Amino acid sequence: MRPGNRVEPSMERTPLPPGKKVFFVSDAHLGVPDRASSLQREKRLVSWLEAIAGEAQAIHLVGDLFDFWFEYRHTVPRGFVRVLGKLAELRDRGISIYAYTGNHDLWMFNYFEEELGIPVFRSPQVWIYNQTRFLVGHGDGIGPGDYGYKFIKRIFSSPVCQWLFARIHPNFGVGMALYWSRKSRQAEQGRDETFLGEAEPQVIYARQVLERDSFRYFLFGHRHCPVIYDLNDESSFVNLGDWINHFSYAVYDGTELQLKHWPAADLTGLPTDNARQSGQEKAVPKTAGASSLCGILLLVCAVAFCGGNSRSCNAQANVNSPINFTDPTPPLSQAPKPGELLFQVPGKFVSLAVDGLGNLFTLSKSGEIHRYSSDGRMLYQFSVVRLGKVGTMDVSNPLRVLVYYPEFLTVLTLTNTLAVTGEIDLRKLGFNKVRAAGLARDGQIWLYDEANFQLVKIDDRGQIARRSEPLNYILGLELQPIRLLEQNDRLFLLDPQHGILVFDAFGTYEYRFGGPGIRHMQVFAEQVIYQNASGYFFYDLNTYFEGPFSMPDFPMELWSLDGRRMALLGPDGIAVFALP
């Protein structure tokens, strides 16, 4: 067998008792893109672990559980206590758990083994359940090609590299590693790959193995595209997907293996039977891999031999480019300059939003939502006619989208690929007058109950987590907000008659500013940018200073800025510019 395609002889024969199952999951990438989003996904993963505990004979964590992991001799990266605690609990209950290193957490050493009782594997492993043979591994660096990554991985697996990185203080080493990982993920965000069928490196690897051995299932992660692909009548290739977009996993019940989605549902986007045979699969995001390892490798070399430096910059809007939507989008420079036109989207739109990764979301008059990548390629679309007009489109969490339909008092939550993950009918919860809803940073949902004059926070199941005191008694105002937005540990409520009201993350009122007549607002860095009949203004959340804000000379109807992008909605389309 070729180098790098080694299969460890770890064969374990495990008969499954009646009612018991084996579960496989990969690519949670806990730690990105930020603490709040990661915590939301971590809680979702923990809820899945708890839900399967009663029927789990074994659980395989097939790599990239963390977006970065390094075990110093006396410490491990901060955080992830919920998932680590749940894994320890399941092991104490006698459930077998196995971990595999991925390209993001390959520096696992003995912590899982000694503290949690979970063995860690660094290459594909052979398992036999009910006489069915499985080959399981993360899947990075197998098959042909990707020689740059394979070379870097060989370096990172060397004791010398590990010793050098261990010399770096965790405050700096872990922080810089997470920085490189985020930069790599942002650079790859929006780039799509198609499952390549017979040209897929993991499939080529599986066929190489089949030339000398037989397996019913090959299970891998790494590629983030949940798919079951039949190699022949007796063998199937399975990619487990991820817990960033798909929240997918595989389960074997002793007879059949299935891909599923959590919460329990048919897995969104699974290929049809024809696709299973032909290898056709939907486009999926490319994962960050070699580029983040390169960044960490540069960090190791720089700290060990050269030292490092850092710099920062301040962002401001400075766009003065005339736009003609009949002209093609101009080519981008290698590094876009502030104010440079990045791309334009012609058409008639009623709303837009830019998320923290620079993706553009548009809402058409017919109610269709489209997501465009940071370089202007249309990636996904979504539409639900039965719920009427969209009132709110909240993309403040790069991994989750909230869409609120006030006519039917219904909240939908979507993945960043615009696949529905939840639907909440507020009428069934006793609400009858709600025109504003928004995402909380912990993944829950804020709404304003106009009948009772209260801010209310609910979870994905519609359970009420928090209610404020009646604000009409506290403020002497009857609010009719049109927007709720949580940013920077503050909740902002926009009421056209009373201005912008600021609450803490628990819904406790603090102060208000801006006055009546505000049409639109957005939080950008540590400032609130808002618009009224007099023009554009900013309010600094640190100094409480308020003043005019310079906006482009552009016939705009609406605007959005985030992720170093400014998107302007005009009568003929949307223009997107670079910010510093």
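**Close-up views of salt bridges, a four-strand sheet and a buried aspartate**

**View 1. The side chains of Arg-467 and Asp-449 are joined by a salt bridge, with 3.9 Å from N to O.** The model shown here and in the views that follow is predicted. Arg-467 belongs to strand 27 (residues 464-467) and Asp-449 to strand 25 (residues 445-449), so the pair ties together parts that are 18 residues apart in sequence. Arg-467 is partly exposed, at 38% relative accessibility. Asp-449, in contrast, is buried, because its relative accessibility is 2%.

**View 2. Salt bridges that share partners link Glu-50, Lys-86, Glu-89 and Arg-93 into one network.** Within this group, Arg-93 forms a salt bridge with Glu-89, and the closest N and O atoms of the two are 2.9 Å apart. Arg-93 has a relative accessibility of 45% and therefore counts as partly exposed. Glu-89 is likewise partly exposed, at 33% relative accessibility. The count of salt bridges comes to 18.

**View 3. Asp-213 and Arg-133 form a salt bridge in which the closest N and O atoms are 3.0 Å apart.** Asp-213 lies in the loop between helix 7 (201-210) and strand 9 (217-220), while Arg-133 lies in strand 7 (residues 132-136); the pair therefore ties together parts that are 80 residues apart in sequence. Asp-213 has a relative accessible area of 33% and is partly exposed. Arg-133 counts as buried, with 19% relative accessibility, because the limit for this class is under 20%. As a general point, side chains of opposite charge can pair when their charged atoms come close.

**View 4. Strands 20, 21, 22 and 23 form an open antiparallel sheet, in the order 20-21-22-23.** The edges are taken by strand 20 (392-397) and strand 23 (420-425); each has a single partner strand, so one side of each is left without a neighbour in the sheet. From one strand to the next, the twist averages 15 degrees. Strand 21 pairs with strand 22 (residues 410-415) over six bridges, in the antiparallel sense. In general, the strands of a sheet pair through backbone hydrogen bonds, either parallel or antiparallel.

**View 5. Tyr-405, in strand 21 (residues 400-405), is shown with its surroundings.** The residue opposite Tyr-405 in strand 22 is Thr-410. Tyr-405 counts as buried because its relative accessibility is 0%. Leaving aside neighbours within four places in sequence, the residues in contact with Tyr-405 are Phe-382, Val-384, Leu-387, Gly-388, Lys-389, Val-390, Thr-410 and Leu-412. One of these, Lys-389, is 16 residues from Tyr-405 in sequence, and the C-alpha atoms of Tyr-405 and Lys-389 are 6.1 Å apart in space.

**View 6. Asp-504 is buried but has no salt bridge.** Asp-504 is located in strand 30 (residues 499-504). The nearest side chain of opposite charge is that of Arg-466, 7.2 Å away; a salt bridge requires a side-chain nitrogen of Lys or Arg within 4 Å of a carboxyl oxygen, so this pair does not qualify. The side chain of Asp-504 instead reaches the backbone nitrogen of Phe-506, at 2.8 Å. Beyond the neighbours within four places in sequence, Asp-504 is in contact with Asp-489, Leu-491 and Glu-510.

Notes:
Residues are numbered from 1 along each chain as its sequence is written. This is a predicted model: local features need pLDDT of at least 70, side-chain atom pairs count only at pLDDT 80 or more; totals for chains, interfaces and linings use all residues. Side-chain values use heavy atoms; hydrogens and water are left out. Buried means under 20% relative accessible area, exposed over 50%, partly exposed in between (1.4 Å probe, protein chains only). Helices (H or I, at least four residues) and strands (E, at least two) are DSSP runs, numbered from the N terminus. Contact means heavy atoms within 4.5 Å. Two strands pair if DSSP finds at least two bridges between them. Axes are lines fitted to C-alpha atoms, for helices over the stretch in contact, and angles run from 0 to 180 degrees between N-to-C directions. Lys and Arg count as positive and Asp and Glu as negative; His and the chain ends are not counted. A polar contact is a pair of N or O atoms within 3.5 Å; within protein, one must be able to donate a hydrogen and the other to accept it, and residues adjacent in sequence count only if both atoms are side-chain atoms.
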